[in-house]
Amino acid sequence: MDENLPMIRISVRNLVEFILREGNIDNRTGGGQDPENMQMGSRIHRKIQRQMGSDYQAEVPLKTEIVCDGFILKIEGRADGLIHTKEQVMVDEIKGVLRELDRVQEPAGIHLAQAKCYASMVAEQEGVDEIGVQMTYCQMETEEVKRFQYSYQSNELKVWFDEVIRQYEKWAKFQIEWRKARNASIKGIEFPFPYRKGQRDLAVSVYRTILRKKKLFIQAPTGVGKTISTVFPAVKAVGEELGEKIFYLTAKTITRTVAEQAFETLREQNLKFKVITLTAKEKICFCEETSCNPDDCPYAKGHFDRVNDAVYELLMQEDVMSREVLEAQARKHKVCPFEMALDVSTWVDGVLCDYNYVFDPDARLRRFFAEGGAGGYLFLIDEAHNLVERGRQMYSAELCKEDFLAVKKLVKGEAPRFAKRLEACNKILLAMKKECENYKVLDNISHFGIQLMNVLSETDRYLEECVDKEVRETVLDFYFQVRSFLNIYDGLDENYVVYTEYQENGRFVLKLFCVNPAANLQKCLDKGNSAVFFSATLLPIQYYKRLLSTEKDNYAVYIDSSFDTKKRLLMNGVDVSTRYAMRSREMYQRYATYIFRVVKAKMGNYLIFFPSYRFMEDVYQEFTQLLASDEEEMELVIQQKHMDEEERENFLRAFEMGREKSLIGFGVLGGIFSEGIDLTNEKLIGTLIIGTGLPQVCNEREILKSYFDQKGLYGFDYAYRYPGMNKVLQAAGRVIRTEDDRGVILLLDERFQREKGKEIFPKEWADCERCRLDIVEEKIRLFWEKQTDN
C-alpha cells in the first residue's frame with residue numbers, strides 16, 4: 001500500500017446511512033427519533049454487554065483500508081460485541097428502542113447493514129469462511145431483549161460490502177480532487193484590504209490560535225473588521241490542513257450575510273471554497289405547513305431515493321450554496337430543501353449557520369457532532385456574547401403539569417395504559433405544586449424521572465397506532481418535550497438548578513435550568529480543533545471565559561478601536577434615574593426633555609432605547625405632549641411587541657429615507673433594534689440609552705444570583721450587571737459603524753457613574769463626560785460645530 005496516497009476516512013455507520021438509505025421522510029411517530037443518541041441507550045449497551053459472559057468481547061474497534069484510484073479509503077467503526085465460540089464467530093449489534101419488542105418483526109435495514117459491514121471486516125481479519133450476525137434489540141423501559149441471528153458466507157458478504165464501497169468511491173474521489181484544487185487556490189490569496197489599526201494583530205491571533213488548537217476570546221469594537229479578520233486566517237489554516245471545515249456560527253441572519261460577503265470577497269482572488277448557508281426548516285420549506293411526511297409533502301415522499309443524486313450534481317456545479325441555489329436544486333429533484341442542505345453541508349468547506357446546528361442537543365448536526373465523533377472543525381463564533389443566554393436555553397428543559405392533563409384527556413378513551421402513566425406523573429407534579437408558593441428549588445427528582453421514562457415509552461407506542469391527525473400532532477409535540485427533558489435530565493450535574501415555578505399565566509412547570517452552560521458547550525467545542533469567540537461587547541472577558549468554556553488556558557485579546565474618538569461625543573446624564581423608587585411622571589418628563597433637547601441641537605435620525613415597553617410608552621406620551629407644545633417638527637416611529645418581519649423592515653426603512661425633519665425611533669434595550677443593525681453615516685447620528693439595561697427581577701435571575709453567590713462569585717454581577725451592560729454596549733454600538741460615521745451617545749442614568757458600572761466600560765469610553773439636562777443641548781451643539789469645522 002502506497003503510504004503517500006491521500007486518505008479519506010469514514011465510519012461504518014455514516015457509510016451505510018449515506019449509501020443505503022431509501023424511502024420517505026416521515027416524522028409522524030416518535031420512533032423516528034434515534035434513541036441511540038440518548039444517554040440511556042448507552043447505559044443499556046453496557047448492561048447487556050456485561051451480562052454476555054466470557055465468550056463476549058465488547059466494543060471491538062475495527063478498520064479496513066482499501067486502495068482506490070489515487071487515494072486510500074479508510075473505513076472504521078466499533079462493533080458492540082464479538083462472540084467467539086467453538087462453532088462460530090459472531091458480530092453482535094445492540095440497538096435500544098422505545099417501542100414494544102413484539103412490534104419489532106425484523107431488524108431495520110440500516111441496522112443490519114451496519115452489522116454486516118462489521119462482519120465482513122471481522123471475517124477478513126480472522127480468515128473465516130462463515131460468520132454470524134446477531135441483532136440485539138432492547139426495550140429501554142422494560143430492558144426486555146429480542147435477538148435476530150443470521151449466518152453469512154464470507155465471500156458473499158465481501159461482494160456485498162465491496163459494492164457499498166464502490167458506490168461511495170465517487171464521493172471520496174470528489175473529496176480528494178476538490179481538496180487539492182482548494183488548497184492550491186488558498187495559497188494564492190492575500191488579505192483583501194489595507195489593514196486597519198489592530199486588524200493585522202487580530203488576524204495573526206486567530207491563525208496562531210488555530211495552529212495551537214486553542215480557543216480565543218476577542219473583544220474588538222465595531223469597525224475593526226472582525227468578520228474578514230477571522231475568516232481569512234481560518235481559510236488559510238484550512239489550506240494548510242490545520243482544519244478541515246469552518247463553521248461560522250451566528251445568532252442572527254444579518255451577521256450571516258456579512259460572513260457570506262467575506263467569503264465572496266476572497267473568491268474574487270480565485271479562491272475555491274465551497275460554502276453553504278443553512279436556513280431554518282420553517283423558512284425554507286416549500287409547503288404552507290411544515291409537515292414532514294409523504295402524505296402531506298410531495299418532497300418528503302421518496303426523498304431518500306433521489307437526494308444523493310441531487311447533492312452530487314450540486315457539488316459538481318456550484319461553490320456557493322445560497323438559499324436560492326438550494327431551493328432551485330431541491331425543486332428540480334423533488335427533494336426536501338432543508339434535508340438536502342444538511343447533506344450538502346457534509347461535503348463543503350464552510351458552513352454558515354445558527355448556533356443551534358452545533359450546540360443544541362435537539363438540533364445539532366448529528367453527522368458532525370454525534371457522540372464519539374470528532375473532526376478538524378474550526379468554530380468562528382460571531383456575536384459570542386449571545387451564546388451565554390442561548391446556551392442556557394439550549395441545555396435547559398421544562399415540563400408543564402397542565403400538558404400532562406391535556407394529553408391524558410385526549411387519549412384516555414382509547415389508551416387507558418398511556419393515560420395511567422400520564423396520571424402517575426401528574427400526581428408527582430401535583431405534590432410538587434402543593435409545596436410551591438412561587439418557586440421552589442428541588443434536590444432530587446429521580447422518582448419523577450422513572451415515571452417519565454414510562455410515559456415516553458407509552459407515547460411512542462401510542463403514536464404508532466394513532467390515526468387522528470390533530471391528536472397525533474399534539475401528542476407528538478408532547479413526546480418531543482418529554483424526550484428533550486429526559487435527555488437533559490440524564491446530564492444533570494453541578495451546573496444545573498432544578499426547580500418548580502408558577503408562571504404568570506398560572507401554569508405550573510418543572511424546570512431543569514442550566515445556569516452555567518460552559519461544560520455542555522465544551523463537549524461540542526471538543527469535537528473541533530479550535531474555536532474563536534468574537535464580539536464588540538465581550539466584557540468583562542473573564543465572565544464570558546467562565547461561561548463559554550471550561551478550559552483555563554484559553555487566549556484572550558483586546559483590540560483597540562480604530563475610530564477617532566473626536567468624531568463621537570459620549571456623555572452620561574447624571575440627573576436622571578430609572579430606579580423603581582425614582583419613577584414618576586416628573587422623571588418621565590425629564591427624560592422626554594432630554595430627548596427633545598438632544599434632537600433639537602442637530603436635525604437627524606436618532607434611536608432611543610428604554611428598559612421596558614412600559615417605560616418607553618410613559619416617556620413617549622410625555623414626549624408627544626412636549627412636541628405638541630413646540631413648533632419643532634419631528635417624525636416618530638415606535639417599536640411594538642411581537643412585530644412581524646414586514647413591520648421590522650418598515651421601522652428600519654424609515655431610517656434609510658431622506659427627509660427634511662428629524663426622525664426619532666423609540667425601542668427597547670436588548671430588543672430587535674438594539675443589536676445587529678447597520679445604520680451608517682447620516683442614517684443614524686445619535687443614540688440615547690435610558691437605564692443600565694439590568695434584566696427585570698424574576699425567579700430565574702434570582703436563581704442565577706444565588707447560584708453564583710454560592711460559588712464565591714458576585715451573583716448580582718452575573719445575573720444582572722454584566723448582562724445589562726452588554727445590552728447598553730450593543731445599543732451604543734449602533735451609532736459608530738464605519739470610519740466616516742459621526743454621532744452622539746448619551747447614557748441616561750446616574751448609576752453609570754458608580755464604580756461597578758464604570759469598571760466594565762470599554763477602554764475607548766474613558767472620555768465619557770458627565771452632563772446635566774440644562775447643559776446637554778449646548779454641549780451637543782458645540783460638538784456638531786467642531787465636526788463642521790473639521
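Let's start inside the protein, at Asn454, which counts as buried because its relative accessible area is 12%, below the 20% cut-off for that label. Keep in mind as you look around that this is a predicted model. You'll find Asn454 in helix H17, which covers residues 446-465. Which residues does Asn454 touch, once its neighbours within four places in sequence are set aside? The contacts are with Glu141 and Arg421.

Now for the charges. Side chains of opposite charge can pair when their charged atoms come close. In this model the count of such salt bridges comes to 44. A few of them are worth clicking through one by one.

Take Arg182 and Asp349 to begin with: their closest N and O atoms sit 2.8 Å apart, and the two form a salt bridge. Arg182 belongs to helix H4 (residues 154-187), while Asp349 is in the loop between helix H11 (337-345) and strand E11 (350-354), so this pair ties together parts of the chain that are 167 residues apart in sequence. Are these two partners buried or exposed? Arg182 is buried, because its relative accessibility is 4%. Asp349 is buried as well, at 2% relative accessibility.

While you're at that loop, have a look at helix H11. This helix is mostly covered, with eight of its nine residues buried. The buried ones are Pro337, Phe338, Met340, Ala341, Leu342, Asp343, Val344 and Ser345.

The next pair is Glu423 with Lys408, a salt bridge whose closest N and O atoms are 2.8 Å apart. Glu423 comes from helix H16 (residues 416-434) and Lys408 from helix H15 (residues 401-411), so to speak two distant parts of the chain, 15 residues apart, that this pair links. Lys408 has a relative accessible area of 23%, which means that Lys408 counts as partly exposed.

Further along, the side chains of Asp678 and Arg737 meet in a salt bridge, at 2.5 Å from N to O. Both ends of this link are in loops: Asp678 in the one between strand E22 (662-668) and strand E23 (686-690), and Arg737 in the one between helix H25 (715-732) and strand E24 (743-748), with the two positions 59 residues apart in the chain. The two partners fall into separate classes of cover. Asp678 is partly exposed, because its relative accessible area is 41%, whereas Arg737, at 15%, is buried.

Salt bridges can also be joined up. Glu100, Arg417, Glu458 and Arg461 are linked in a network of them.

What about charge on the outside? Glu288, Glu289, Glu414, Asp468, Glu470, Glu473 and Asp477 gather in a patch of negative charge on the surface. One of them, Glu288, lies in the loop between helix H8 (281-284) and helix H9 (303-317). Glu288 counts as exposed because its relative accessibility is 86%, and the label asks for over 50%.

Now swing round to helix H1 (residues 12-19), where you'll find Asn14. Asn14 is partly exposed, with a relative accessible area of 34%. Its C-alpha atom is 9.2 Å from that of Gln114, although the two residues are 100 residues apart along the chain.

Last stop: the backbone. Most residues other than glycine have a negative phi, and most peptide bonds are trans. Where does this model depart from that pattern? Leu539 and Pro540 are joined by a cis peptide bond, with omega about -10°. Pro540 sits in the loop between strand E17 (530-535) and helix H20 (541-548).

Asn270 has a positive phi of about 70°, and it isn't a glycine. Look for Asn270 in the loop between helix H7 (253-267) and strand E9 (275-277). With a relative accessible area of 62%, Asn270 is exposed. Asn681 also has a positive phi, near 55°, in a residue other than glycine. This asparagine is in the loop between E22 and E23, and that is the loop where Asp678 was found in its salt bridge with Arg737. Asn681 is partly exposed, because its relative accessible area is 36%.

Key: Residues are numbered from 1 along each chain as its sequence is written. This is a predicted model: local features need pLDDT of at least 70, side-chain atom pairs count only at pLDDT 80 or more; totals for chains, interfaces and linings use all residues. Side-chain values use heavy atoms; hydrogens and water are left out. Patches are made of residues with over 30% relative accessible area and no salt bridge: like charges are joined within 9 Å, nonpolar side chains (Val, Leu, Ile, Met, Phe, Trp, Tyr) within 5 Å. Accessible areas come from the Shrake-Rupley method with a 1.4 Å probe; for residues, only the protein chains shown count as cover. A salt bridge is a side-chain nitrogen of Lys or Arg within 4 Å of a carboxyl oxygen of Asp or Glu. Lys and Arg count as positive and Asp and Glu as negative; His and the chain ends are not counted. The place of a charge is taken as NZ of Lys, CZ of Arg, CG of Asp or CD of Glu. Helices (H or I, at least four residues) and strands (E, at least two) are DSSP runs, numbered from the N terminus. Buried means under 20% relative accessible area, exposed over 50%, partly exposed in between (1.4 Å probe, protein chains only). Contact means heavy atoms within 4.5 Å.
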